[in-house]
Amino acid sequence: MANILIIDDSPTDVRVFTTLLERAGYHVDSVGNAEEGIERVRAKKPDLVIMDVIMPGMNGFQATRTLTRDPATSNVPIVMITTKSMETDRVWGLRQGARAFITKPVNERDLLACINDLLPNAA
């Protein structure tokens, strides 16, 4: 069973994603801000991170860049999920090291397909 860490400041989104992912067979952990998320990734080495972009303090772009440029965490795939829907946001997120960029509202099938592509045989 793959471990997925959700880094998102919205309790509602965390609850929705957790329910969806647990139902699909994943173990889910979550934190409410980017700084804590970086520390959790370093400590627990999840199989995948779901990263919000708009958060107080450090944003998801900054956190993604921090994680993907750190040799200790650079192999953990990051899926950015956000309300930011401009093409420039998507390009910027991918340039920071995200492996995928999904806009809210999230289609359940699309999210699971994305995760399955990044983590084959992990659920």
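A residue is termed buried when its relative accessible area is under 20%, exposed when over 50% and partly exposed in between, with a 1.4 Å probe and protein chains only. The model is predicted, so that local features need pLDDT of at least 70 and side-chain atom pairs count only at pLDDT 80 or more, while totals for chains, interfaces and linings use all residues. Residues are numbered from 1 along each chain as its sequence is written, and side-chain values use heavy atoms, without hydrogens and water.

By this criterion D52 is buried, with a relative accessibility of 5%. D52 lies in the loop between β3 (48-51) and α3 (60-68), where helices (H or I, at least four residues) and strands (E, at least two) are DSSP runs numbered from the N terminus. Apart from neighbours within four places in sequence, D52 is in contact (heavy atoms within 4.5 Å) with I7, D8, D9, G60, I81, T82 and K104.

The strands form an open sheet of 5 with parallel pairing, in the order β2-β1-β3-β4-β5; two strands pair if DSSP finds at least two bridges between them. At the edges stand β2 (27-31) and β5 (100-103), each pairing on one side only. Between β3 and β4 (residues 78-82), the parallel pairing extends over 3 bridges, and V49 stands opposite I78 in β4. Helix α3 packs on the sheet, touching β3, β4 and β5, and its direction makes about 180° with that of β4; such angles run from 0 to 180 degrees between N-to-C directions, and axes are lines fitted to C-alpha atoms, for helices over the stretch in contact.
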